[in-house]
Amino acid sequence: MIGKQILGISAFYHDSAAALVQSGELIAAAQEERFSRIRHDAAFPEQSIISCLNQADIKITDLDAIVFYDKPFLTFDRILETYLSYAPLGIRSFLRSMPIWLKEKLTLKILLKKHLARLAKCKEKQLPKLLFTEHHQSHAASAFYPSPYEKAAVLCLDGVGEWATTSAWMGDGKALTPLWQINFPHSLGLLYSAFTYFCGFRVNSGEYKLMGLAPYGIPRYRKLILDKVITVKADGSFQLNLDYFDFCVGSKMTNESFSLLFDGPPRVPESPITQRELDLAASVQAVTEEIILKLAKTLRDETQARNLCLAGGVALNCTANGKLLRSGLFDEIWVQPAAGDAGGAVGSAFAASFQYYQEDRSTTQTNVTTDSSTPSLNGNGNTKDDSMQGAYLGPDFSNREIQAFLDDKNIPYTLYDDSLLFDEVAGVIASGNVVGWFQGRMEFGPRALGNRSILADARNSEMQSKLNLKIKFRESFRPFAPAVLSEKAQEYFEQQQSSPYMLFTAPVSENIISPEGIAEMEQLDGLEKLSVTRSRLPATTHVDMTARIQTVNKKTNPRFHQLLTAFNNLTGCAAMINTSFNVRGEPIVCSLNDAFDCFINTHMDYLVLGNYVLEKKKQLAPQNTERYFELD
Ligand SMILES: [Fe+2]
C-alpha cells in the first residue's frame, strides 16, 4: 500500500525549490533557478513542482499534503521586532521592506493556495492539506531524516530564517527533538556574509569565493574579530557586536566602524584583490571554524551521540566540515547536500512524513553490502546508505529525446554505445580537452556531482586557469574539486570517510605532494602561489594542500564511475576535475538546450549528452564567446 504523498516547498526568500516524498522516501527534488535560469530564483517554484510531480506521474490533487518550509508569522515577528527596536534608525529600511512583507509574507497562505489551485486547475478547497514547518525544523529534518543514521546529533547553521540562526537537535528514529538555539541577530551566517560583502563579493553567493581565498591569506585579523566583532564563549555560543553591522537598520552588511577596524572601506567589486582581503578571508574562516568546533563539542558532550548531521548555509563550508571531521569529535558526519534553503523543501516534506503522519522511517535505512576491497568506505562512505540517492533527484533525458533534439537542430554528433563511450571520453580528457558531461538525473543542491558537470584532467597544471578564464569566465583563483573513484580515494587523499557530495576538504596524501612545489610556495605571497605545481593533481590541490573531494561509487553513479575507471585504466590516475556545468552568473544547466548553449558559447572542446558525443570543431552553429556574463 502506498503511504503519504507529500510535496515540500521552499520559496519567497532565496533558492526556491520543491521536493516529493512518497511513503517516507525521497522521489524527486529540484531548484527553481535551474528551470527559470534566474540564479537563486525566489519565485513560487512552479516548474520545480511540475518536474517533481511528473517524475512520479501524479497530480497536485493526488497529494496528501503540501508543506511550506517556514512559518511566515514567526518571520514577520522577527522583522517587526528588529525594526521596532532599532527605530527610528531603522525606520527607512523598515518602510521600504514593509509593503513586500505585507503583500507577500503575511498573505502567504492565501498566495500559496492561489498559485497551487492555478497549477492544479482546481478550486482552492479541493487542494490537499497545507502544512507549515519552522525554518530550522526544516533544516534539521533535511539533515537527519535522509542521513544514514538511526540516531544522531544535528546542528543547523545559517544566516537567518525566523528567529533561530543556529540550532541543535537530537534525532532518534522518527523523533527530532530541539535542544537549544541562538537567535537573530547573532548569526554565524551573517558574520561570514558581512565579510563576503566587505571583501567585494555578493552576499548569498560570494561566500564560496571568500572560502576559496582564505588559504592565500594569513589570519592576522582573527584576534581583532574575536576581541571586537564577536564574543565567543567556551561552549561555542556567540554574540555579534552590533556596533559594527548595518543589517538590522540599513541595507548594507557593515558600517563605518567596521571599515575603521579593518583598515579602510569595503573592496569595490571586481577591483584587484589585495593582501587585506586574503587576510580577512583567512581570519573569518578561522573564527568560523573555531566556533563550529566549539558548538560541535558542546553538542557531543550533551548528547553523547557518535554521529553528527549538518544543514543550513554555513554547512556548505567544506573546509570547516573537513576540520570538524578530522577533529574526531564524532565518528561520522553527514551533511545535507542542499544545505541551504533549497534543502528546506526536502526537510519540510520529511518532517511531515515522519513527525506529522508518523510514517515508518525504517524504509530509508537500507544496509549496504560492503565492498570487500574498501571495508571502511562502502556505498556512500558511511556504515549505511543515506536516502538522497546521490542527490540525483532532478529531471533526465533519454537517448531518444537527445537524438530528437540533435536532429531537430541539425547538430553533428557521433553515437557510441556504452562499450566504447567511456574509453573514448577518457581519451579525450587525457589529451587535455575540456568536456561537458550531461547524464541522467540532474543534481539537487549547489554541486554538480557528475551528471551536469564539466570534466578535465587534474594532472594538467594549466587547467585551473584555463577552466576559470576560458570556460567559466570567472576569477583565476577559484579552486576546482576532484572527483575520485571511491575505492581509490585513500591513495590520493587523507580521508577516512567518503565524501559523495563534495562537502569535505581533505589533505592530499603524501605520495602525491610535490616537496619542490611547497618550497617554492614558501617564497611567494598571496595569489602568486596559484601558479605553483604543488602536487600530482595541481589543478585541484588548494594552496593549503587540501582538496574538496567527491568520492564516486559504483552504486549511486555507475556511469561516472565507469568513466573514472576508464580514465584510470588509460592514465593510472583515478581522479579528474569535476566542476559544475555553467558559466559565471548562471545556474547549472538543466535541459539539453542549456547544455548545448553553454558548450557552444564557451571554449569547451566536447559535449557528451547521454551516449552522443559532440565535438566543438565539427559544430556549425555560430559561437559567441564574448557574451556578457552577469557578475556573481
Ligand atoms: Fe535557512
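**Exercise 1. Around helix α7**

Which residue just after α7 takes a positive phi? Work through the helix from its start to its end.

*Solution.* This is a predicted model, in which local features need pLDDT of at least 70, side-chain atom pairs count only at pLDDT 80 or more, and totals for chains, interfaces and linings use all residues. Residues are numbered from 1 along each chain as its sequence is written, and side-chain values use heavy atoms, with hydrogens and water left out.

Step 1. Place the helix. Helix α7 covers residues 188-198. Helices (H or I, at least four residues) and strands (E, at least two) are DSSP runs, numbered from the N terminus.

Step 2. Look at the loop ahead of α7. P185 sits there, between β8 (175-183) and α7. The peptide bond joining F184 and P185 is cis, with omega about 5°.

Step 3. Look at the start of α7. A side-chain oxygen of S187 comes within 3.3 Å of the backbone nitrogen of G189.

Step 4. Check burial. Buried means under 20% relative accessible area, exposed over 50%, and partly exposed in between (1.4 Å probe, protein chains only). Of the 11 residues of α7, 10 are buried, so the helix is largely enclosed by the rest of the structure. Among them are L188, L191, F195 and F198.

Step 5. Read the end. G200, just after α7, has a positive phi of about 90°.

**Exercise 2. The iron site**

Which residues coordinate the iron ion? Describe the geometry and the spacing of the donors.

*Solution.*

Step 1. List the donors. They are H135 (NE2), H139 (NE2), D158 (OD) and D341 (OD), at 2.2 to 2.3 Å from the iron ion. Donors are N, O and S atoms within 2.8 Å of the metal (3.2 Å for Na, K and Ca); water is not among the atoms, so sites may look incomplete.

Step 2. Judge the geometry. The angles among the 4 donor atoms run from 89 to 169°, and the site is irregular. Four donors count as tetrahedral if all angles lie between 85 and 135 degrees; four count as square planar and six as octahedral if opposite donors are over 155 degrees apart and all others between 65 and 115; anything else is irregular.

Step 3. Read the spacing. Along the sequence it is H-x3-H-x18-D-x182-D.

Step 4. Take one pair. H139 belongs to helix α6 (residues 135-144), and D158 to the loop between β6 (151-157) and β7 (164-172); this pair, 19 residues apart, links distant parts of the chain. H139 and D158 are both buried.

**Exercise 3. The nonpolar cores**

How many residues does the largest nonpolar core have? Find the helix that gives the most to this core.

*Solution.*

Step 1. Fix the term. A nonpolar core is a set of buried Ala, Val, Leu, Ile, Met, Phe, Trp, Tyr and Cys residues joined through side-chain atoms within 4.5 Å.

Step 2. Give the count. The largest core has 174 residues, and L191, F262 and L563 have the most contacts inside it. Helix α11 (residues 275-303) gives the most to this core, with 10 residues.

Step 3. Note the other core. A second, separate core of 27 residues includes A11, C52, L112 and L119.

Step 4. Follow F262. Contact means heavy atoms within 4.5 Å. Beyond four places in sequence, the contacts of F262 include F195, F198, Y221 and L280.

**Exercise 4. L421 and S259**

Is L421 buried or exposed? Do the same for S259, and name partners of each.

*Solution.*

Step 1. L421 lies in helix α15 (residues 418-430). L421 is buried, at 0% relative accessible area.

Step 2. Its contacts beyond four places in sequence include W437, R559 and V608. The C-alpha atoms of L421 and V608 are 9.3 Å apart, with their positions 187 residues apart along the chain.

Step 3. S259 is in helix α10 (residues 256-261). S259 counts as buried, at 11% relative accessibility. Beyond four places in sequence, S259 touches F198, G264, P265 and P266.

**Exercise 5. Positive phi outside glycine**

Where are F12 and E270 placed? Compare their burial.

*Solution.*

Step 1. Recall the rule. Most residues other than glycine have a negative phi.

Step 2. F12 has a positive phi near 75°. F12 is in the loop between β1 (5-10) and β2 (17-22), and counts as buried at 12% relative accessibility.

Step 3. E270 also has a positive phi, near 75°. E270 lies in the loop between α10 and α11, and is partly exposed at 43%.

How values were computed. Polar contact = N/O pair within 3.5 Å; in protein donor to acceptor, adjacent residues only side chain to side chain.
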